[in-house]
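The following exercises concern the structure shown below. Please attempt each task before reading its solution.

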Amino acid sequence: MKITKICCIGAGYVGGPTMAVIAQKCPDIKVTVVDLNEARIAAWNDEDTNNIPIYEPGLSDVVAEARGRNLFFSTEIEKAIDEAEMIFISVNTPTKTYGSGKGMAADLKYIELCARQIARVSKSNKIVVEKSTLPVRTAEAIKNILDNTGNGVRFQILSNPEFLAEGTAVQDLLNPDRILIGGDTTEEGQRAINALVDVYANWVDRARILTTNLWSSELSKLTANAFLAQRVSSINALSELCEKTGADVSEVAKAIGMDSRIGPKFLKASVGFGGSCFQKDILNLVYIAKAYGLNEVADYWEQVIIMNDHQKRRFSHKIVTTLYNTVSGKKIAFLGWAFKKDTNDTRESAAIYVADDLINEQAELHVFDPKVEEGQILSDLNYLDSRTPEENRQQVTVAENPYEACKDAHAIAVLTEWDEFRDYDWKKIYDNMMKPAFVFDGRNILDAKKLTEIGFVYKGIGS
Ligand code: NAD
Ligand code: UDX
């Protein structure tokens with residue numbers, strides 16, 4: 001079966017870039033990305049592709065090439081479902097905030113809404129692809145909804161989890177380590193798998209396209225994120241031990257990472273991992289394990305989150321204790337708010353939690369991030385509900401540039417590893433700060449020696 005029309009429900013961080021690359025690489029396939037959010041779709045359609053709603057290096061060029069040719073963004077969801085042979089579901093699957101499983105399980109209401117809408121609208125057979133990250137065995141529920149329409153339309157369900165990382169999404173999509181496709185082991189299931197394999201084979205070597213059963217595919221996605229996050233928590237746990245013993249966590253990471261069995265990646269100690277995926281997916285894994293009565297398995301993975309929360313709190317605590325046990329009324333400059341460099345995404349960013357702690361201590365925060373806007377920063381803090389929006393606004397100022405953020409500050413905290421932070425005029429920053437001038441480098445990106453020579457009191461993570 002050759003696919004000629006694809007619909008993707010959800011024009012977010014995954015749906016947008018993924019479909020843009022499919023459209024770029026498969027000019028014969030019409031790709032329509034739909035979303036309920038009209039403002040988001042309007043931004044994807046902005047004449048100037050620099051204004052698309054997601055900042056990812058290289059993405060605006062991909063969109064510029066394919067949009068209007070075979071890539072379309074629309075709010076006409078039903079029309080796009082109706083005409084597609086293959087429908088990707090790429091909607092959000094956040095942690096539940098209510099009811100049973102609150103704070104742990106994935107909230108699947110958006111997924112179910114999509115499945116019901118597909119069931120209602122479809123008049124011809126379709127392949128439905130789970131692109132969102134889902135708990136193992138979700139396909140069963142989707143299948144149940146789709147198989148009970150009574151109108152004779154047949155559906156095949158595939159799991160095709162996305163492994164892109166934000167900030168490198170386009171590169172990850174163009175050169176993926178692997179593409180994972182899970183499907184039914186029946187003949188029809190295999191035909192559906194092959195149809196999707198053929199789409200990716202337009203630019204990905206077939207040897208890198210892995211096919212499995214549905215449940216292996218669903219579980220592999222949660223597992224991959226859990227393993228990655230676990231490495232960050234492991235090195236962060238050691239960073240605290242390094243600070244007590246005189247070992248340097250960067251040296252330890254290098255020494256263990258050169259063991260080819262361990263490998264060098266994902267061993268950078270930090271103020272704590274953020275992003276929309278790691279915490280949510282591990283909590284989900286913990287929830288599933290508990291649901292099967294596997295309490296030791298659940299406890300093992302939950303520790304990754306406990307360690308990460310500790311690391312964030314430890315960072316804010318260190319700022320307070322170093323500043324003579326009080327930051328009340330003191331100006332603290334934040335460099336970075338995004339959860340990592342090269343993205344405007346702030347979901348679960350460590351910066352939010354560190355800021356919340358410091359505001360509790362009555363610090364005055366001045367934030368600069370190259371890509372995050374004031375409204376987002378305030379809304380992230382308001383979402384925590386620790387105090388009123390007016391109180392947050394009083395304690396937080398968003399600066400136009402880093403020099404303004406750091407002027408007259410008692411301390412600087414680096415929360416995101418943006419490359420440009422290294423190249424600032426640190427002497428100028430120092431001259432305009434209160435003395436002693438402290439730098440808390442939550443990403444270990446600055447040149448500690450140089451800063452110390454200028455006169456800063458430099459505190460990194462894990463040394
Ligand atoms: P997102 O919130 O950026 O985008 C989801 C979009 O879906 C939103 O624009 C929302 O309006 C839309 N939507 C929700 N319900 C809808 C409906 N019924 N009809 C039409 N549109 C609807 O989320 P995201 O970051 O793109 O994540 C999507 C999924 O991909 C999640 O399951 C996530 O776990 C997974 N994932 C995310 C990443 C990442 O880096 N962000 C990486 C891999 C996997
Ligand atoms: C992650 C997975 O990498 C990706 O495969 C999946 O599809 C989605 O979740 P993402 O969250 O976009 O991607 O970014 P990632 O590069 O994994 O970083 C996550 C967090 O861990 C960031 O806050 C980052 O700063 C932090 N991190 C990462 C560290 O603190 N140290 C490291 O060594 C690596």
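**Exercise 1.** Which helix gives the largest share of the shell around ligand 2?

*Solution.* The model is a predicted one. Step one is to list the surroundings: ligand 2 has 19 residues around it, and the closest are Lys268, Ser270, Phe273, Gly275 and Cys277. Step two is to assign the shell to elements: helix α9 (residues 214-245) supplies the largest share, three residues. Step three is to sort the shell by class, which gives 11 nonpolar, four polar and four charged residues.

**Exercise 2.** Determine where ligand 2 lies with respect to domain 1 and domain 2.

*Solution.* Domain 1 covers 5-204 and domain 2 covers 214-463. Both domains give residues to the shell around ligand 2, so the ligand lies between them.

**Exercise 3.** Describe the shell around ligand 1 by number, closest residues, helix and class.

*Solution.* Begin with the number: 26 residues surround ligand 1. The closest are Gly10, Gly12, Val14, Ser132 and Thr133. Next, consider the helices: α5 (residues 109-121) gives the most to this shell, with three residues. Finally, the classes are 12 nonpolar, 10 polar and four charged residues.

**Exercise 4.** Check the span of helix α11 (residues 278-291), and establish why it is largely enclosed by the rest of the structure.

*Solution.* First, the span. Helix α11 has 14 residues, and at 1.5 Å a residue these should span 20 Å. The C-alpha atoms at its ends are 20 Å apart, which agrees.

Second, the burial. Of the 14 residues of α11, 11 are buried, so the helix is largely enclosed by the rest of the structure. Among the buried residues are Phe278, Lys280, Asp281, Leu285 and Tyr287.

Third, the partners. The buried residues of α11 pack against α9 and α12 (295-322). Just after α11, Gly293 takes a positive phi of about 75 degrees.

**Exercise 5.** Is Tyr200 buried, exposed or partly exposed?

*Solution.* Locate the residue first: Tyr200 belongs to helix α8 (residues 187-200). Then count its surroundings: 19 other C-beta atoms lie within 10 Å of Tyr200. A residue is buried if 20 or more such atoms lie within 10 Å and exposed if 12 or fewer do. Tyr200 is therefore partly exposed. Its contacts complete the description: leaving aside neighbours within four places in sequence, Tyr200 is in contact with Ile179 and Ile209. As for Ile145, this residue is 55 residues from Tyr200 in sequence and 28 Å from Tyr200 in space, C-alpha to C-alpha.

Technical notes
Residues are numbered from 1 along each chain as its sequence is written. Chains are lettered from A and ligands numbered from 1 in the order in which they are written. This is a predicted model: local features need pLDDT of at least 70, side-chain atom pairs count only at pLDDT 80 or more; totals for chains, interfaces and linings use all residues. A residue is near a molecule or strand if its C-beta atom, placed from the backbone, lies within 6 Å of it. Helices (H or I, at least four residues) and strands (E, at least two) are DSSP runs, numbered from the N terminus. Ala, Val, Leu, Ile, Met, Phe, Trp, Tyr, Cys and Pro count as nonpolar, Asp, Glu, Lys and Arg as charged, and the others, Gly among them, as polar. Domain bounds come from an automatic or database domain assignment. The expected span of a helix is 1.5 Å times one less than its number of residues. Two residues are in contact if their C-beta atoms, placed from the backbone, lie within 7 Å.
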